[in-house]
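Dear colleague,

I am handing over the structure we spoke about, and it follows directly below. Please read the notes after it with the coordinates open beside you.

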Amino acid sequence: APRQSVNLSGGNFDLDRYLPAPEPPRRGVQPEKPTPSALPVDALRDLILDGGVALRSFKFQGITTRDFRASARAGGGLLTVKPLGGNFYGGTISGEFNAQVAGNAMQTRLAIAAKDFQAGPFMLGWTGKELVTGRADLFLDLTGVGATDQDVLRTLEGLGSFKVTDGSYVLSSSAEGQANGQSGGQSGGQSGGQSGGQGGVQNGG
């Protein structure tokens, strides 16, 4: 396949506008399982690419990164997007993404580090609720393999951590906690001292 060179620059790009809207939950009705979408394994196997993207802002799943930059290279069945990053809710975000052809499937890895960002606006954009406020750090390093997007999600495993400094958290509409030091984790945090959340991610079949 011929080598392709692509360099794109633009303004504000909202990827959510081009994705199907999720079905709202209906009371008493089990949500339907999503239909698996095949990953472009054959296309990646033949792809030879060098390129980069620069955007004023990039929005996905309600989360916005400003001054977004990414560089990509592909060849020999391997796609590497590195570095990628930008300004993230008053802090910074950086990371990389890799996809490698493995037989008829694709092995993927995503590593993200977001530092010193505002947790409140981040949570509001992602969940629609300001569940946590304060300065935050987020780290993810996840891998998955499969021939479809659902395969990758089902085999997803890796590490992650989330830390909030001098903030507060809301566990329900009537319960709010204050974090004097650092708070975070799966349960939202602890008052006073230091607490953080980190652990592994592993999905079964």
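Two strands are taken here to pair if DSSP finds at least two bridges between them. The model is a predicted one, and in it strand β1 (residues 4-14) pairs with strand β2 (residues 49-60) in the parallel sense, over 10 bridges. Between these two strands the chain passes through helix α1 (residues 41-46), and the resulting β-α-β crossover is right-handed. Within the pairing, Val6 of the one strand has Gly51 of β2 standing opposite.

Helix α1 also holds a salt bridge, in which the side chains of Asp42 and Arg45 meet at 3.3 Å, N to O. The two residues are 3 apart in the helix, and so about one helical turn separates them. Asp42 is exposed, with a relative accessible area of 54%, whereas Arg45 is partly exposed at 36%.

A search of the whole structure gives 9 salt bridges, and two further ones join strands. The side chains of Lys82 and Glu96 meet at 3.8 Å, N to O; because Lys82 lies in strand β4 (residues 78-88) and Glu96 in strand β5 (residues 91-102), this pair ties together parts that are 14 residues apart in sequence. Lys82 is exposed at 51% relative accessible area, while Glu96 is buried at 18%. Both belong to a network of salt bridges that links Lys82, Glu96, Arg109 and Asp141.

The other pair is Asp116 and Arg135, whose side chains form a salt bridge at 3.1 Å, N to O. Asp116 is in strand β6 (residues 105-118) and Arg135 in strand β7, so that parts 19 residues apart in sequence are tied together. Asp116, with a relative accessible area of 43%, is partly exposed, and Arg135, at 26%, likewise counts as partly exposed.

Two single residues may also be worth a look. Thr64, which lies in strand β3 (residues 63-75), is buried with a relative accessible area of 17%, and, leaving aside neighbours within four places in sequence, Thr64 is in contact with Ser57, Phe58, Lys59, Phe88 and Tyr89. Ala147 sits in the loop between β7 (132-146) and α3 (149-154) and is partly exposed, at a relative accessible area of 30%. Not counting residues up to four places away in sequence, Ala147 touches Ser37, Ala38, Leu39, Asn104 and Ala105. Ala147 and Pro40 are 107 residues apart in sequence, yet their C-alpha atoms are 8.4 Å apart in space.

With best regards

How values were computed
Residues numbered from 1 in each chain as written. Predicted model: local features only at pLDDT ≥ 70, side-chain atom pairs only at ≥ 80, totals over all residues. Heavy atoms only, no water. Helix = DSSP H or I, 4+ residues; strand = E, 2+ residues; numbered from the N terminus. Right-handed = clockwise from strand over helix to strand, strands pointing away. Buried < 20%, exposed > 50% of the residue type's maximum accessible area, 1.4 Å probe, protein only. Contact = heavy atoms within 4.5 Å. Salt bridge = Lys/Arg side-chain N within 4 Å of Asp/Glu carboxyl O.
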